[in-house]
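With the model loaded in your viewer, please follow the selections below in order, keeping the cartoon and the side chains available as you go.

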Amino acid sequence: MSKAPTLRQFQDRFPTEESCLDHLMRTRFGERHDCEKCGKSAKFYRVAKRRSYACEWCGAQVYPTAGTPFDRTRTSLRDWFYVMFLFCSSRHGVAAKEVERQIGVTYKTAWRMCHEIRKYMAMIDGDEPIGGEGEAVEIDETLIGGRLPGAGWGNYRQNKTVVLGMIERGGNIVTKVIPNVKKTSLFPAIAESVKEGTAIYTDQLNGYRALPTIGLKYTHASVNHNRDEWARGDCHVQTIEGFWAQLKRGINGTHIHVSRQHLSKYLGEFEFRHNRRHRPSTMLDELLTSFVR
């Protein structure tokens with residue numbers, strides 16, 4: 001397994017604001033590209049005091065930050081890149097208060113930066129279907145959160161958010177926020193994310209029992225945790241439960257609380273890191289080279 005870049009390596013790669021902007025320009029447009037105004041193949045030169053480059057022929061300007069998480073921001077690009085580095089080097093996430101302390105911005109700015117990066121990580125990771133013929137996928141649901149504002153305690157399940165997780169053994173994970181654990185919520189999410197021909201392993205939740213009858217070619221087996229049955233041959237859900245443990249350690253230890261409104265962003269962040277756990281050296285590069293022109 002290749003190692004993730006160190007802080008010193010990051011600082012050597014992006015020592016100045018100009019180096020960050022040059023990186024964006026080369027990544028999105030290359031050394032030369034056809035000018036949209038004059039149509040000529042041109043080299044673009046940096047415009048002083050602006051985050052833009054001008055065509056050598058007609059002077060038309062392009063802004064490398066347009067359409068990226070850094071669009072219309074006054075925050076230093078080097079700070080943005082550094083926060084991305086923090087997200088890739090941490091296993092349990094980065095709190096906005098930590099970003100506020102480290103780069104000296106307001107909490108509001110730090111909060112926005114973190115959420116923009118989480119959305120960007122989720123976009124890069126995507127939700128490609130997992131499994132297939134000869135593959136095994138573990139499916140499990142978990143409850144995240146606590147008492148909602150204005151809600152009584154009542155049944156504690158009513159005050160939490162249901163998250164469905166599907167993980168291919170040795171492969172990627174896909175998570176989705178769903179309204180409840182009924183078949184009408186579980187089956188569409190599973191059919192969208194798990195390929196036909198997959199061997200599916202779950203716990204004893206009633207909603208999973210009709211999986212082989214929904215018109216897709218799945219094989220299904222389950223373990224009964226209520227009877228202290230944790231594994232039966234290849235049938236277990238310990239892989240997905242390990243992911244839940246890491247996710248909840250991150251939320252409880254780093255973020256303390258995550259609202260239902262923003263939970264999907266945090267899930268995308270943890271998915272991004274988990275799906276690249278065997279190649280940590282590529283995490284930061286993927287974030288810094290995936291900007292679409």
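In this predicted model, begin by selecting residues 32–34 and residues 41–46, which are strand 1 and strand 2, and which pair in the antiparallel sense over 3 bridges. If you then show His33 as sticks, you will find Ala42 of strand 2 standing opposite. The two strands form a hairpin with 6 residues between them, and in the turn you can select Gly39, whose phi is positive at about 80 degrees.

Keep strand 2 on display and add residues 53–55, which make up strand 3; these two strands run antiparallel and are joined by 3 bridges. Which residue of strand 3 is the bridge partner of Phe44? Selecting Cys55 shows that partner of Phe44. Strand 2 and strand 3 likewise belong to a hairpin, with 6 residues between the strands, and there Lys49 takes a positive phi near 65 degrees.

Next, move along the chain to Thr282, which sits in the loop between helix 8 (263–275) and helix 9 (283–289). Is Thr282 buried, partly exposed or exposed? Thr282 counts as partly exposed because its relative accessibility is 25%, a value that falls between the limits of 20% for buried and 50% for exposed. Show its side chain together with the backbone of Arg279, and you can check that a polar atom of the Thr282 side chain lies 2.9 Å from the backbone oxygen of Arg279. Add Pro5 to the selection as well, since the C-alpha atoms of Thr282 and Pro5 are separated by 9.0 Å, although the two residues are 277 apart along the chain.

Pro5 also leads to the last stop, as one of the residues that line the largest cavity. Rolling a probe the size of a water molecule over the atoms shows where empty space is left. Here the count comes to 1 cavity of 30 Å³ or more, and about 30 Å³ of space lies in the largest cavity. To display the lining, select Ala4, Pro5, Phe85, Cys88, Ser89, Pro280, Met283 and Leu284. The elements that give two or more residues to this lining are helix 3 (77–89) and helix 9, and the largest share, 3 residues, comes from helix 3. Colouring the selection by residue class, you should find that the lining divides into 7 nonpolar residues, 1 polar residue and no charged ones.

Note on methods:
Residues are numbered from 1 along each chain as its sequence is written. This is a predicted model: local features need pLDDT of at least 70, side-chain atom pairs count only at pLDDT 80 or more; totals for chains, interfaces and linings use all residues. Side-chain values use heavy atoms; hydrogens and water are left out. Helices (H or I, at least four residues) and strands (E, at least two) are DSSP runs, numbered from the N terminus. Buried means under 20% relative accessible area, exposed over 50%, partly exposed in between (1.4 Å probe, protein chains only). A polar contact is a pair of N or O atoms within 3.5 Å; within protein, one must be able to donate a hydrogen and the other to accept it, and residues adjacent in sequence count only if both atoms are side-chain atoms. On a 1 Å grid over the protein atoms alone, a cavity is a set of points where a 1.4 Å probe fits but cannot get out, and a pocket is an open set with protein on both sides within 12 Å along at least five of seven lines; lining residues have an atom within 4 Å of a point. Grid points are joined across faces, edges and corners, and a volume is the space filled by probe spheres set on the points. Ala, Val, Leu, Ile, Met, Phe, Trp, Tyr, Cys and Pro count as nonpolar, Asp, Glu, Lys and Arg as charged, and the others, Gly among them, as polar. Two strands pair if DSSP finds at least two bridges between them.
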